[in-house]
Each structure stands twice: as structure tokens, then as C-alpha cells.
Amino acid sequence: MEKSKERLEILSKIEMLEKTKQWDISPENDPETIELKPNKVDYLNKKISSKIASYFANIMGARYFDKMLKNKQMIIENVLGIENYLAVKGGAIITCNHFHPCDNYAVYQAIKPYLNGRRLYKVIREGNYTNYPNPIGFFFRHCNTLPLSSNMETMKKFMSAVRVLLNRGEKILVYPEQALWWNYKKPRPCKSGAFRFAVTNNVPVIPMFITMRDSDIVDSDGFFVQKYTINILPPIYPKKDLDKKQNIEYLKNKNYELCVHTYEDFYKTKLTYQD
């Protein structure tokens, strides 16, 4: 089957971005982002309309993703280290490499049996929340998402919601690499945001790193569907003897270090980037 020209162009952009060390730039052809205003988001689903929309969005979203799993459009081969997730009893920031639009559902599936009725909250980019029409936009807006914003007043609401959710024991998924790099297997250096959330709210980070290998199934773009191993790594806690800035750097560097170790162990090769 002929490979998608669009996917090949994305892979070429990723190669260029790796060579130039532009780790947080998206290679996707995303539309211009529409600003998210404070009155356009209900982070904690306080409104009845938000609760109803969230209820139906989660049901329909689960059906869609479960169908993907059944049809082997997404394959979860293994989950390793669940004991690391279970070691954290309260709120936490979950980090994960970002390589597929649906990789958040792989994370959700890994921890679903242990959520005890709770939801997995996902931090998403502003444009994903504001740019897409229904039905895709409906899921982006109502499947337990926490959109970032270029508007400072909206970000105040965002930070307040993150504090409330973590204090009540929720888990929040953040992609610290920021941009989606399709099927990219290597760990990338992280941005500080995820770790700032953890330090500000005095909660641990649970790093996850998803490794991949080819299945024998070819997708609609002409590429092999990947089999995922979801590696749940030891939780990282802020240190009492470090100040806020130092703790953010510590968590960020330790998260990357654990992902590099997992990458090298799984793929049996030393991590190197193209120059």
C-alpha cells in the first residue's frame, strides 16, 4: 500500500526539527489558534450543561476508542510498572511522550482499572479546544480536558482548576514535550509546565513512556500500526531542601532521565539525536 504523502511530509518535518533541536515545535499543519476567553470554558464542570455534555462525551468517546482497540487501529501490547502508579494515593501529574492523537487513551486504558470511578484529566493545547468544529470539537471540549490559553485571565482559571483537582486526589495528564511528533520513538527534552504544576501543588510526578514496535497490520496511511508498551516509571517527588525553581528543574531532568533509560532498555540502543 502506498504511504500517505501527508504522513511522509510530517516525518520529514520531524527529522528537520530533531536536527535543529526544536523539540516543542509541531510538525502538523495546525490551523491558527483561536484565543480561549475565560467565559468560554468551565474547567470544573460547575454548570449543568457542562456536566451533561461531559457525561455524553465520555460515553461516546469510550465507544469510539474501544472500537479502535477492537479493530486493532490501536494496539496495547503490555503495561509495565503499574505498582508505580499504585504507590501514589493522592493527586499527581502524569507525564507521557506525545506521538499520536489518541495516545492519551492508551494511558487511560493502562490505569482505568485503578481509577476507582475517577476520570483522567488531560491538559490540551488552546487550539484543540477552540479551533475544531463538532463532532471532534465536542470531544476536545468535554472529555475531561483542561485547555491552556494565551489569555492570562483564562490561565488563572486554569491554575485554580488544577489546584482543586489535585487537592481532591485527581490525576492530570500533561505532555511535557508539548508538541505531537507522530510515531516518534525517542524521548525529547521537556518544557517546565508539568513540573511547575507539581511543585506549586506539592504533588508527585508519575512519568510514563510509551515504547512501540511494528505490528503486522497496515493502517489507512500505509504505515504499520504500532504495538504499545506503556511503561509506568517510579514517581518523582519534589524535594523539601530545594526551592521552587530548583525543584522544577530537578523534576524535569529526572523525568527525562527515566525516559531515556526506558528507551535505551527497550530498544537496546543508546539514545542519540541527528545533527
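A residue counts as partly exposed when its relative accessible area falls between the limits for buried, under 20%, and exposed, over 50%. The structure described here is a predicted model, and this scale of burial will be used throughout the report.

**Y250 and its surroundings**

Y250, a residue of helix α9, has a relative accessibility of 24% and therefore counts as partly exposed. When neighbours within four places in sequence are left aside, the residues in contact with Y250 are I236, Y237, K239 and L242. For one of these, K239, the separation from Y250 is 11 residues in sequence and 8.6 Å in space, taken from C-alpha to C-alpha. Another pair gives a second example of the two kinds of distance: L86 and W23 are 63 residues apart in sequence, and their C-alpha atoms are 31 Å apart in space. L86 belongs to helix α3, which covers residues 82-86, and because its relative accessibility is 35%, L86 is counted as partly exposed.

**Helix α8 and the turn after it**

Which residues of helix α8 are buried? In this helix, which runs over residues 193-200, the buried residues are A194, F195, F197, A198 and V199. As a general rule, an α-helix has 3.6 residues a turn, so residues three or four places apart point the same way. The cover over the buried residues of α8 includes the strands β2 (92-95), β5 (171-174) and β6 (205-218), together with the helices α7 (152-167) and α9 (244-267).

Just after α8 comes N202, whose phi is positive, at about 50°. N202 sits in the loop between α8 and β6, and with a relative accessible area of 62% it is exposed, because the cut-off for that class is over 50%. A positive phi also occurs at N183, which is not a glycine and has a value near 55°. N183 is located in the loop between β5 and α8, but its relative accessibility is 16%, so N183 counts as buried.

One further feature of the backbone is the cis peptide bond that joins N134 and P135, with an omega of about 10°. P135 is placed in the loop between α5 (126-130) and α6 (136-142).

**Salt bridges between distant parts of the chain**

Side chains of opposite charge can pair when their charged atoms come close. A search of the whole structure finds 14 salt bridges, and three of them are set out below.

| Salt bridge | Closest N to O distance |
|---|---|
| D221 and R7 | 3.9 Å |
| K21 and D275 | 3.5 Å |
| D24 and K191 | 2.8 Å |

In the salt bridge between D221 and R7, the partners are 214 residues apart and link distant parts of the chain, D221 being in the loop between β6 and β7 (224-232) and R7 in helix α1. R7 is buried, with a relative accessible area of 12%, whereas D221, at 25% relative accessibility, counts as partly exposed.

The salt bridge of K21 with D275 also links distant parts of the chain, since K21 is in the loop between α1 and α2 while D275 is in the segment after α9, 254 residues apart. K21 is partly exposed, with a relative accessible area of 36%, and D275, at 81% relative accessibility, counts as exposed.

Why does the pair D24 and K191 tie together parts of the chain that are 167 residues apart in sequence? D24 lies in the loop between α1 and α2, and K191 lies in the loop between β5 and α8, so their pairing connects these two places. Both residues count as partly exposed, D24 at 24% relative accessibility and K191 at 36%. Salt bridges that share partners also join R7, E28 and D221 into one network.

**Patches on the surface**

K37, K40, K46, K47 and K157 form a positive patch on the surface. One of these residues, K47, lies in the loop between α1 (5-19) and α2 (48-70), and with a relative accessible area of 48% K47 is partly exposed.

A nonpolar patch on the surface is made of I48, I52, Y55, F56 and M60, which together have about 520 Å² of accessible area. M60 is located in helix α2, and its relative accessible area of 37% means that M60 is partly exposed.

Note on methods. Residues numbered from 1 in each chain as written. Predicted model: local features only at pLDDT ≥ 70, side-chain atom pairs only at ≥ 80, totals over all residues. Heavy atoms only, no water. Buried < 20%, exposed > 50% of the residue type's maximum accessible area, 1.4 Å probe, protein only. Helix = DSSP H or I, 4+ residues; strand = E, 2+ residues; numbered from the N terminus. Contact = heavy atoms within 4.5 Å. Patch = residues over 30% accessible without salt bridge, like charges linked within 9 Å, V, L, I, M, F, W, Y side chains within 5 Å. Areas by Shrake-Rupley, 256 points an atom, 1.4 Å probe, with all protein chains shown as cover. Salt bridge = Lys/Arg side-chain N within 4 Å of Asp/Glu carboxyl O. Lys, Arg positive; Asp, Glu negative; His and termini not counted. Charge placed at Lys NZ, Arg CZ, Asp CG, Glu CD.
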